[in-house]
Amino acid sequence: MVVIEAPAGRGVLSLVVPDPDHWTLSGVDVRSLGYRRADAAEHARLLVVPERVPEALRSAVLDAWSRLPEPRRFLPLQSELDGILADELLGTVQTDAANPQAGAGEGSEEGHSDAADDEHEDMMAIVGEPSADGLVMESMELEIGPLSTTLPGGLVAELCLDGDIVVECALRPTLAASASAGAAASAGPAGRAALAYGIARVEEHARGSELSEAGGRRHIAAVELERVLAHAVWFRRFAGVLGWTELFECSQAAVEALLEPRRITARAQLDLREPTLEPTARSLDLDRPRELIARLTSLAGSRRFRARARARGETGRLELERGPIGGPTARAAGLARDVRIGDPLYAALGFEVQTESAGDAVARSIVRAREMRVALGIALAAASERGDEVRRPAGLPSAEVLVEGSCGPLRIGASSVGGHAVSAPGADSLLVLAGGSVRGLELGAALAGLASFDLSPWQVPG
Amino acid sequence: MSVASPFAIVAVALTGAFALSWIDRLLAGNGGAAGPIVRDVASTLRQPLGAPQVKDGWLYHGAPVLLVVGAVLALAMVPWAPGFRGLDFETGAILYSAALAYVTPAVFMAGWGAGRPQAVLGGFRFIALMLAFEMPIVMAVTAAAAPAGSLSPDAIVAAQESVPMAVAQPLAFALFVPAVMAVAFIPPFDLPQAPGELGGGAFSSYTGMHAALVTLAQRILLLGAAGMTAALFLGGWHGPLLPDAVWMALKTLGVAAAMLWAGRRLPRAELPWLLSAAWKYAVPAAILAIGWAGLVTLLFYR
């Protein structure tokens, strides 16, 4: 979810639930509409919902709705909202999408009061294990919502604090993909192009052939553009956690510049599962994103950044070697784990694995910044030539393929009940690792450390 | 102090807060129009006064008021021109830091009154900040006052007719500026609210008039911090050609703009690092600054 504030003068503050197909701001620059970012549901007045709310987010939507202070309203992006959700949000009051001032939320105030009372009872009843100096430690649950906000619908961090030092931290993803949502939800918001690539390869293997070079190039272009965008969004939210306006604005500009190709794609009504990006890709203007990525890389390596993020969420190479964790976390600790290594097409497109050695938030940021630069180059190289459309026989047909998403590897295979089985190797281990890495840190430093891992709120099979 | 003084203080506070909001918008690249600021304030005030379930209603509702009172009291000590100030005390420079002390219970009241974990943490953070930075502020003020031989802000300004204290006492200046920024809890010292960490922290529950008062108080604190910096270290109203009050206003707004700009350029400071820097380095440095002030006074001001 993204929380955005009201446009000046319109008198409403907005909470946005992302459309499942667009995990940023749906390609719309809401700032141009006069909206700006806010911090918490308690400061919101208007809930903007897409036509289709993922099942896993419904409870989060209702939870967020209950926190909106009165008078509160919601605005469906489409003319009709899912009837069941509308009833739950509004009771019998109808809303008019064209008139966001119409309608008022009802219900759930009592529930909110009860919940608030419970929260206060928990707050004031200091119970727990004593610390080494005999004082009682406190437990609290912190919501690390999507984009590291304090919204529901994301991770929950169960913290045990000794004063303001984190003694224990356990992370729990709250979004569960239902069978009806399918594999798409399991990939989470950061892996849709990677998922499409993997599904295409699995389906080709089922036919006994490999994906053509042209098909591979098209998919790789989409995957790598998505990787750049995913990392830019991560930088934006990490900047929010760090409270660094300059980094936030730079990454916001990068996100907007990278969304432009998506808007071009959307206008051309291209289906990214079978992308035909050549005419669009050749006309892509990626100079601006390239400049901004260079700026982000510079900021990630700056003394200011290092002073703030050094040794936050530190992970050791040895503990990572023993487990299945991959992605930027492993690479930032010196492990060259990347599914793309050894892929001849990626090698031909100029792929180089990026690693650091410190294993902390700074290292993960530098790895992501470098990967953005490399990914952008790969996307352009992939889109610059068509490649041949010949589908060669599969050398070693396999029921599963591995694809490198922006957060780590995805394993895609055929499901016995139809559709596809998607899992993220190492995802569960990463949650445990991240929770353990912030022990002994002050709360603010711990939250920065957790944010540096780019953890998924989805309960993805590991 | 004349009967008109309270109104003058309030007028300066409101005008200055508006000017700082305008400067903040300029620095954010949102253009120089004043209309959006007025609309933002109006839309905030139109929101009903929230009545969330809080642990202590008296503390929760009283905190924004006390915050504004403390901020205005601090602003009242700033000398804007010869004979033009809110409150005229011979110890005005020290009373400035005493007025800031009202901010501490106000922020803590906001957090404790709300009763939510993040809010209480925000309140405790501010107490730790104030305890750490109050001494450097007082010592820096003392260092600036030594050459003037008086704690009256007017006298300190008068002593800077030829050389500003920022040049004569750079260490005291370097300690005073971040310390008052921390007390005004503006970025990169916005730990009590910490939007990305604590979701608004001590002030996360406030809406409507409460939120407006908190924002107003923060602007007034920044105005007071910048004004006192200009008065104690940048020569106050001294300057050629322009009237005294105009020079003072320009210097104040310049300092405030520099503080806001620094807040955008730097990530939020971490509490352990800040406290360590304050107790281990700032306080000893402040003692050195007083020693230096004595030396400078003996050599050049007597």
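What share of the contacts in chain A with a separation of 6 or more comes from residues 24 or more positions apart? The share is 68%. This is a predicted model, so the reader should know where the coordinates can be trusted: where pLDDT is low, they should not be read in detail.

**Confidence**

For the complex, the predictor gives an ipTM of 0.88 and a pTM of 0.81. The per-chain values are listed here.

| Chain | Mean pLDDT | Residues with pLDDT of at least 70 |
|---|---|---|
| Chain A | 72 | 59% |
| Chain B | 88 | 92% |

Within chain A, confidence varies by element. Helix 12 of chain A, residues 327-332, has the highest mean pLDDT among the elements of that chain, at 93. Helix 3 of chain A, residues 109-124, has the lowest, at 39. Residues 92-126 of chain A have a pLDDT below 50. Even so, the model gives this stretch 59 contacts beyond near neighbours in sequence. Residues 179-183 of chain A also fall below 50. That stretch has four contacts beyond near neighbours in sequence.

**Chain A as a whole**

Chain A has 462 residues, and 54% of them count as buried. Its secondary structure comprises 16 helices and 11 strands. The chain exposes about 19100 Å². Carbon and sulfur atoms supply 52% of that area.

**Helix 13 of chain B**

Now to chain B. Helix 13 of this chain spans residues 271-301 and includes Leu299(B). Trp279(B) also sits in helix 13 of chain B.

Start with Trp279(B). Is it buried or exposed? Its relative accessible area is 44%, so Trp279(B) is classed as partly exposed. Leaving aside residues up to four places away in sequence, Trp279(B) touches Leu131(B), Ala132(B), Met135(B) and Pro284(B). One of these partners, Met135(B), lies 144 residues from Trp279(B) along the chain. Their C-alpha atoms are 9.3 Å apart.

Leu299(B) has a relative accessibility of 58%, and therefore counts as exposed. Which residues join Leu299(B) in a nonpolar surface patch? They are Trp292(B), Leu295(B), Leu298(B) and Phe300(B). The patch covers about 600 Å².

**In short**

Chain A averages a pLDDT of 72, while chain B has a mean of 88. In chain A, the stretches 92-126 and 179-183 have pLDDT below 50. In helix 13 of chain B, Trp279(B) is partly exposed and Leu299(B) is exposed.

Methods:
Residues are numbered from 1 along each chain as its sequence is written. Chains are lettered from A and ligands numbered from 1 in the order in which they are written. This is a predicted model: local features need pLDDT of at least 70, side-chain atom pairs count only at pLDDT 80 or more; totals for chains, interfaces and linings use all residues. Side-chain values use heavy atoms; hydrogens and water are left out. pLDDT is the predictor's confidence in each residue, from 0 to 100. Helices (H or I, at least four residues) and strands (E, at least two) are DSSP runs, numbered from the N terminus. Contact means heavy atoms within 4.5 Å. Patches are made of residues with over 30% relative accessible area and no salt bridge: like charges are joined within 9 Å, nonpolar side chains (Val, Leu, Ile, Met, Phe, Trp, Tyr) within 5 Å. Accessible areas come from the Shrake-Rupley method with a 1.4 Å probe; for residues, only the protein chains shown count as cover. A salt bridge is a side-chain nitrogen of Lys or Arg within 4 Å of a carboxyl oxygen of Asp or Glu. Buried means under 20% relative accessible area, exposed over 50%, partly exposed in between (1.4 Å probe, protein chains only).
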